[in-house]
Amino acid sequence: MATSPRPAPLGWARITAFGAGDFACNLYWQSISLYLLFYYTDAVGLSAATAGLIYMVASIWDGLIDPMVGAAADRTRTRWGGYRPYILFGAVPLALAFGLLYYRPPFEGAALVGFVLAAHLLFRTLYATVNVPYAALTARMTQDARERATLSGARMLFSTVAAVVVALATQPIAQAVTGRPDGARGFFVAACLFAGVATLVLPLVFLTTREQVGGTIAIHGGASRGYWRTVLQNRAFWTLIVGGGFMITCMTALGKSVLYYFKYYLQDEAGARTALALASASGLAIVPFWMVVARRVSKRAIWLASCAIYAGGLVVFAFVDLRAAWQMDVFLVYMQVATVGLSFAYWAILPDTIEYGEWKTGVRAEAFVFGLALLFQKVALGLGAGLFGLALAGVGYHPNQAQTPETLHGLKFIMVALPLVGVTICAVAMLFNPLKRGVHEGIVAELARAGT
């Protein structure tokens, strides 16, 4: 196969335009990450166990369809490219499904549970249809490892801004609409506003991005057998997936505890909004910090350092009783340093595993690899939410009433134990990842010499 000319470097305008897509996606994602489980229990009135199981089932469903979306995107050929049409044509259906996700129907019992689950499954299906091709563009826009790190950093900066917007605006909108911060109709109005903004941004991403290296990365054969072969022999991919899976599970248990900790442990429900916004906003400084660090050390080293920072914070939290809101604010900002570092390393390493698999097998399939990665990511997220919901029910939690001292002690135990186990396995998995500093660059050079 003839080698195409090396694409021109990405400029900051194109990097910024691409990163803006994560602002749109994270208006959705941060909402379901920060508020949806709380909405289910304290606004809709579902039990913690039921809410956790619905979240888990929907996340696993989301993960299962991600590789299928990825395989379809890899086979898609249009005059606009293979991935960009999904971003354009999926924007409006996704917005409508997001509004439905936060609609509280006039049902009770099994009918209510069935409606909530169906709405969640629909949203996850449409979210995967847009988000998997968008994420896979990271690999198709450039093969340069540093540019990919910059793209990942840009995405994280925009996702941070989205997280701040969601954290600061959701409950005030609910308060303004219903007179209470956990009013169901208020959450629905907030969801509609976020969906409207996202629907304006996603077409702009379609218009301003290009699949620059599409001519040099042909998918060999297009059959699922070839896709699986390149994945199964890809040690770089699997060590990243195992580490990332436990990373996400541990983050889920801690992240979903924050609203409950402030409302019931600190008796300061409004403080939770400030804490979430402050922790999210700190990412605007933390992401550039890790981007600078990535120019001096390997992404693998960033991963391991972040695991150490995260574990250290959990140990301190276990032995220090944080009874003031400002103390929790400081703790959460500290933990955000590690959280952002792990996320940055994950999304910067994932595109590099595609060349590693191609070097091993001669088969390249970007969107399928991203879809499979998202499968495991969302299964881990679902398991984390499900475990958290079951653990919360197990320690005696009952929504919207004073919790017993035993329940509060159990909440804190959940916030420490699950994340500490997860981050330990996360670090061990990365020790076996072969993409040490300089390895990816050598692989790309060898593939270029071979004319792939």
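Where is glycine 183 found? The answer opens the first of these close-up views, and every view comes from a predicted model.

**View 1. Glycine 183 sits in the loop between H5 and H6.**
With a relative accessibility of 5%, glycine 183 counts as buried, because buried means under 20% relative accessible area. Which residues does glycine 183 contact, once its neighbours within four places in sequence are left aside? They are Ala174 and Thr178. For a sense of scale, try picking the C-alpha atoms of glycine 183 and phenylalanine 206: they are 35 Å apart in space, with these positions 23 residues apart in sequence numbering.

**View 2. Helix H5 crosses helix H6 at roughly 130°.**
Two packed helices are described by the angle between their axes and the distance between the axes. Here the partners are H5, residues 145-178, and H6, residues 184-208, and their axes come within 7 Å. The crossing angle of roughly 130° makes H5 oblique to H6. As for handedness, H5 passes H6 in a right-handed crossing. On the H5 side, the residues that meet H6 are Val165, Val166, Ala169, Thr170, Ile173, Ala174, Val177 and Thr178. Facing them from H6 are Arg185, Gly186, Phe187, Val189, Ala190, Leu193 and Phe194. Sorted by class, this contact holds eleven nonpolar, three polar and one charged residues. Two of the H5 residues will be familiar from the previous view, since Ala174 and Thr178 are in contact with glycine 183.

**View 3. Helices H8 and H12 cross at roughly 155°.**
Helix H8 covers residues 235-255 and helix H12 covers residues 325-361, and their axes come within 10 Å. Are the two helices roughly parallel or roughly antiparallel? They count as roughly antiparallel, because the angle of roughly 155° is over the 145 degrees used as the cut-off. H8 passes H12 in a left-handed crossing. From H8, the contact is made by Arg235, Ala236, Phe237, Leu240, Ile241, Gly244, Met247, Met251 and Leu254. From H12, it is made by Met335, Thr339, Leu342, Ser343, Tyr346, Ile349, Leu350, Thr353 and Tyr356. The class count for this contact is 13 nonpolar, four polar and one charged residues.

**View 4. Tryptophan 303 belongs to the largest nonpolar core.**
This core has 149 residues, and Tyr40, Phe98, Tyr102 and Trp303 touch the most other members. Which helix gives the most to the core? That is helix H1, residues 12-44, with 18 residues. Not counting residues up to four places away in sequence, tryptophan 303 touches Leu240, Gly243, Gly244, Met247, Leu342, Ala345, Tyr346, Cys426, Ala427 and Met430.

**View 5. Serine 306 is a buried residue of helix H11.**
Helix H11 runs over residues 299-319, and serine 306 has a relative accessibility of 0%. Beyond the residues up to four places away in sequence, serine 306 touches Trp290, Ala338, Gly341 and Leu342. Leu342 is also one of the residues touched by tryptophan 303.

**View 6. Aspartate 62 is placed in helix H2.**
Is aspartate 62 buried or exposed? Its relative accessible area is 0%, so aspartate 62 is buried. Helix H2 spans residues 48-75. Setting aside residues up to four places away in sequence, aspartate 62 touches Trp29, Arg124, Tyr127, Ala128 and Lys378.

**View 7. Tyrosine 134 is buried in helix H4.**
Helix H4 is made of residues 109-141, and tyrosine 134 has a relative accessible area of 1%. Not counting residues up to four places away in sequence, tyrosine 134 touches Phe18, Gly19, Gly21, Asp22, Cys25, Ile87, Arg155 and Val205. Tyrosine 134 and alanine 427 are 293 residues apart in sequence, and their C-alpha atoms are 28 Å apart in space.

**View 8. Glutamine 267 and asparagine 400 have positive phi angles.**
Glutamine 267 is not a glycine, yet its phi is about 55°. Glutamine 267 is found in the loop between helix H9 (258-265) and helix H10 (269-293), and is exposed, with a relative accessible area of 63%. Asparagine 400, likewise not a glycine, has a phi of about 60°. Asparagine 400 lies in the loop between helix H13 (366-394) and helix H14 (405-430), and counts as partly exposed at 43% relative accessibility.

How values were computed. Residues numbered from 1 in each chain as written. Predicted model: local features only at pLDDT ≥ 70, side-chain atom pairs only at ≥ 80, totals over all residues. Heavy atoms only, no water. Axes fitted to C-alpha atoms, helices over the stretch in contact; angles between N-to-C directions. Helix = DSSP H or I, 4+ residues; strand = E, 2+ residues; numbered from the N terminus. Parallel < 35°, antiparallel > 145°, perpendicular 65-115°, else oblique. Left-handed = near helix turned anticlockwise from the far one by under 90°. Contact = heavy atoms within 4.5 Å. Nonpolar A, V, L, I, M, F, W, Y, C, P; charged D, E, K, R; others polar. Buried < 20%, exposed > 50% of the residue type's maximum accessible area, 1.4 Å probe, protein only. Core = buried A, V, L, I, M, F, W, Y, C linked by side-chain atoms within 4.5 Å.
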